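Reader: I should like to learn how to read the features of a protein model one at a time. Please give the general idea before each case.

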Amino acid sequence: MSRKQSLPLIVAGLAALAIPMAPVGVQTQDKPVVQMPKPGVPQIMTLEGKFVRAAYNNEGYVILGYELVNRSVGEEWMLLEVGMTVLDRTPAYKLTRDALSLETPDGKTLPLASVNEHRAANTSALQAREKVQRDSINYFPPTASQACRVGFFADLSSRAMAYDEVELSTTRACVGRLYFHIPGGITYGQHWLNVKFEKSLVRVPFRILTADEEKFVNKNYKSIKKQVDDAFKKKKSS
């Protein structure tokens, strides 16, 4: 991504930080606002829908959907729907399963589950619920138009194989499921999906909402599709 391209995205990113996320204890005269959590790494933008988050830098783009997770508080298995690609002139890159991790509200960092752990857990009930408890994550930069699978896991009922890597390129919009085992169960609060690209780290924040927080965000989140379209639309030539 060139400097000319990145400047308007940085400006847009600063605007995105002011999108309300959830109510806080301190009330203002207007509506309560929570600033986007700081990722702690260089990152151009974080985009938000109700249960969809996208984050990217000059190298990589990651989008996730987590409505099912928000309905699974107390359960020990987390299923995230994710999409990934690389940006601008970034060379094709093979992303491996050890490049993915989850940070939980208590500060712990958990690895992606292994294929054997996933098979032993019998997540078929989660997969069935996901069919109705989900939001679309099919929002990618316009250069990523070729569908591809993030195949770190395969359904037991499917003939598809599980693989330890996926090749990302600027033309590929790769989507799939990620599974994490959460000892003690999923809790409310701020989580992070960490994705290590070849030269950088993208951290995607997502918050498990209480019922009151969900009521609040229902009225305040913008269309994720519009945000992605606005972020990656071509500049008009002067």
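**Reading the model, feature by feature**

Author: Asn 122 is placed in the loop between helix H3 (115-121) and helix H4 (124-130). The model is predicted, and the chain has six helices and twelve strands.

Reader: What is the phi of Asn 122?

Author: Most residues other than glycine have a negative phi. Asn 122 has a phi near 55 degrees, a positive value in a residue other than glycine. Asp 88 also has a positive phi, near 50 degrees, and is likewise a residue other than glycine. Asp 88 sits in the loop between strand S4 (77-86) and strand S5 (93-96).

Reader: Is Asp 88 buried, partly exposed or exposed?

Author: Asp 88 has a relative accessible area of 32% and is therefore partly exposed, since the partly exposed class lies between the cut-offs of 20% and 50%. Over the chain, buried residues make up 49% of the 238 residues. The accessible surface of the chain comes to about 12500 Å², and 52% of that surface belongs to carbon and sulfur atoms.

Reader: How should I read the pairing of strands, and in what order do the strands of the open sheet stand?

Author: Strands of a sheet pair through backbone hydrogen bonds, either parallel or antiparallel. Here an open sheet of four strands has the order S7-S6-S11-S12, and the pairing is antiparallel. Strand S7 (109-111) and strand S12 (201-208) each have a single partner strand, so one side of each is left without a neighbour in the sheet. On average, neighbouring strands of this sheet are turned by 25 degrees against each other, direction ignored. Within the sheet, strand S6 (residues 100-103) pairs with strand S11 (residues 189-196) in the antiparallel sense over four bridges. Leu 102 has Leu 193 in S11 as its bridge partner.

Reader: Which residues of strand S3 point one way and which the other?

Author: In a regular strand the side chains alternate between the two faces of the sheet. In S3, Gly 60, Val 62 and Leu 64 point one way, while Tyr 61, Ile 63 and Gly 65 point the other way. Strand S3 (residues 60-65) is mostly covered, with six of its six residues buried.

Reader: How many bridges join strand S2 to S3?

Author: Strand S2 (residues 52-56) runs antiparallel to S3 and is joined to it by five bridges. The two strands form a hairpin with three residues between them, and Tyr 56 has Tyr 61 in S3 as its bridge partner. S3 is also joined to S4 by six bridges, again running antiparallel. Leu 64 stands opposite Val 82 in S4.

Reader: How is empty space found, and how many cavities of 30 Å³ or more are counted?

Author: Rolling a probe the size of a water molecule over the atoms shows where empty space is left. The count here is one cavity of 30 Å³ or more. The largest cavity holds about 50 Å³ of space. Its lining includes Phe 51, Tyr 66, Leu 79, Glu 130 and Arg 134. Helix H2 (67-70) and S4 are the elements that give two or more residues to this lining, and the largest share, three residues, comes from S4.

Reader: Which residues does Tyr 163 touch, not counting those up to four places away in sequence?

Author: Tyr 163 touches Arg 97, Arg 149, Gly 151 and Phe 152 under that condition. Tyr 163 and Arg 97 are 66 residues apart in sequence, and their C-alpha atoms are 8.8 Å apart in space. Tyr 163 lies in the loop between strand S8 (146-150) and strand S9 (165-168) and counts as partly exposed at 46% relative accessibility.

Technical notes
Residues are numbered from 1 along each chain as its sequence is written. This is a predicted model: local features need pLDDT of at least 70, side-chain atom pairs count only at pLDDT 80 or more; totals for chains, interfaces and linings use all residues. Side-chain values use heavy atoms; hydrogens and water are left out. Two strands pair if DSSP finds at least two bridges between them. Axes are lines fitted to C-alpha atoms, for helices over the stretch in contact, and angles run from 0 to 180 degrees between N-to-C directions. Buried means under 20% relative accessible area, exposed over 50%, partly exposed in between (1.4 Å probe, protein chains only). Accessible areas come from the Shrake-Rupley method with a 1.4 Å probe; for residues, only the protein chains shown count as cover. On a 1 Å grid over the protein atoms alone, a cavity is a set of points where a 1.4 Å probe fits but cannot get out, and a pocket is an open set with protein on both sides within 12 Å along at least five of seven lines; lining residues have an atom within 4 Å of a point. Grid points are joined across faces, edges and corners, and a volume is the space filled by probe spheres set on the points. Contact means heavy atoms within 4.5 Å.
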